[in-house]
Each structure stands twice: as structure tokens, then as C-alpha cells.
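User: I would like to go through the enclosed spaces of this model and the terms applied to them.

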Amino acid sequence: MAKNEIAENSARGRFITFEGGEGSGKSTQIRLLAERLDAEKLRVVVTREPGGSPGAEIIRHLVLSGMGKLLGPEAETMLFAAARDDHVQTVIAPALAQGMWVLCDRFADSTRAYQGKVGQVDTRLLDGLERVTIGDLKPDLTVILDLPVETGIMRAAARRGADAPDRFESEQVDFHQKLCDAYREIALNEPQRCMLIDAAGTPEEVAEKVWAAVQGRLLPLHSNEASPA
Ligand code: Z5A
């Protein structure tokens, strides 16, 4: 089934993406949400970008090593897009077509924020790449975890320990602040799809807010579809 047909198929699963700056707690919240959806007897696929499919994981290695940066901002953007194309075609679209709930750690908003808003890559290139890689397959809900930049950097550094920072972790505070602002702007511009959530509390407190967003926006719709008219 083509990507756009899956987007229009009402029996498809639900697609939730998590976005936010470094160390904002996306992986932690995805794990907690997956447990709750599992308890609701929903079939869940947890995945991530860049990566999530064998081909895209090879590209992940390339970009996080800093190789992509050496090629320049446009080429690096195209690497993220190539990874997304493979991921959508081989993992996300098939899972949605089978009625699964797909929870994805980062997606197209990361390109909009990192390469677009912060990296100044031309919006026309981003639009074109989105058309090819995702078509109409937009997330049903995007959770944007909002956290003071210093807190995120501290959390990520604590988790990393003695390991070297990757290509994005080594950017300066100013870079991360621009990113945070970019995500707030995305949330403001697309309130129907995006939910900005204060991520400063404990993992459990943040998980309650995420769950409330999922219940409020997606679960009623899902149970209506599941029960006969
Ligand atoms: N990128 C891009 O430029 N363009 C694109 O199109 C895409 C991506 C798709 C991928 O990095 C990089 O690629 C990313 C953007 C760029 N760069 N950065 N930075 P990644 O996948 O390696 O990492 P990440 O996506 O940035 O996530 P992360 O740093 O791994 O963090 P996280 O998933 O948001 O957080 P976490 O792992 O759940 O939590 C971090 C630590 O904090 C950990 O020790 C937790 O136990 C702790 N934690 C979590 N929640 C809490 C709370 N509530 N309180 C206290 N401590 C907490």
C-alpha cells in the first residue's frame, strides 16, 4: 500500500512522534507510554530516527559520527531524508497498515528544527524532501518535551558519563536554545497535531501529562472505531 493510501486508511494504527532537545526525556517517555498502551492491549512498535530500519541505522552511524556535517548542511539534510525514506517504507507504514501504534523518537520536526530553523537549510528543500519521504503520512500526535536547555544538557551528560559527545551533543548552549525556541514555534503553529509538555518534573509526572494528551486526543477516537456502531 502506498504511503498516502495508508495515511487515508481509517483502520490504520496511530502514529505518535516525540520531539525535543537533547536529554529532554523522549526515550524515557516513549518507554512509559508503550507500557501503558500495552496494558490497554494495543499493539505497539517503538522506533527512532535517525535509524529504526537496517538501512537507516547505517545512515545514523554516519551522521552521528560527524561525517554528514563535513558534507555540508544540505547534504546532511539529505542523509536524514534518505534514512527517513527507508524507515517509513520498511517499518512505519507497514506497522500502521497493520493497525499498530507506532511511537517514534524524533521524526520530520527534528529536520525542521535542527536543519531548518537552526541550520538555516532552505525551507523549499525541506518541503520537497518531506513530500518524497512522508507524503501525507503525518503523525496523529507529536509530543514536544519542553525543558530548560541547561537541564537537558546536564541530564544527557550524566547519562553519557565518560563517553565522548556525538556530533550534536558537542554543539554550544546557544545552539540548544535556538532548538528549544524552534520546537516552541512548531507547537504554536500546529496546535492540532502538537502538544508542548513541560518535561521538568519526574519521569512519572511527565508521563501523566503525556498519557492525558494521548487519552484526550487519540484514545476516544480509537475506542469509537473499535466498537461496532
Ligand atoms: N537529528 C537531526 O538533526 N535531524 C533529524 O532529522 C533527526 C535527528 C531525526 C539524534 O540523537 C540526533 O540527530 C539528535 C538530533 C539529530 N541530536 N541531538 N542531540 P540521539 O538519537 O542520539 O539522541 P536524542 O534524540 O537527542 O535523545 P537523547 O539525548 O538520547 O535524549 P532523550 O531520549 O530525549 O532522553 P532520555 O534518554 O529519555 O533521558 C536522558 C537522561 O535523562 C537519562 O539518563 C534519563 O534517565 C534521564 N531522565 C529522563 N527523564 C528524566 C526526568 N523527568 N527527570 C530526571 N531525569 C530524567
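Analyst: Helices (H or I, at least four residues) and strands (E, at least two) are DSSP runs, numbered from the N terminus. The model is predicted: local features need pLDDT of at least 70 and side-chain atom pairs pLDDT 80 or more, while totals for chains, interfaces and linings use all residues. Residues are numbered from 1 along each chain as its sequence is written, and side-chain values use heavy atoms, without hydrogens and water.

User: What makes a space a cavity, and how many cavities of 30 Å³ or more are there?

Analyst: A cavity is a set of points, on a 1 Å grid over the protein atoms alone, where a 1.4 Å probe fits but cannot get out; its lining residues have an atom within 4 Å of a point. Grid points are joined across faces, edges and corners, and the volume is the space filled by probe spheres set on the points. Two cavities of 30 Å³ or more result: the largest has about 150 Å³ and the second largest about 80 Å³.

User: Which element gives the most to the lining of the largest cavity?

Analyst: Helix H9 does, with four residues. H9 (173-189), strand S4 (141-146) and helix H8 (149-160) each supply at least two. Of the 15 lining residues, Gly21, Glu22, Leu147, Val149 and Cys180 lie nearest the centre.

User: Why is Gly21 in that lining called polar?

Analyst: Ala, Val, Leu, Ile, Met, Phe, Trp, Tyr, Cys and Pro count as nonpolar, Asp, Glu, Lys and Arg as charged, and the others, Gly among them, as polar; therefore Gly21 is polar. The whole lining has nine nonpolar, four polar and two charged residues.

Conventions:
1 Å grid on protein atoms, 1.4 Å probe; cavity = no way out; pocket = protein on both sides within 12 Å on 5 of 7 lines; lining within 4 Å.
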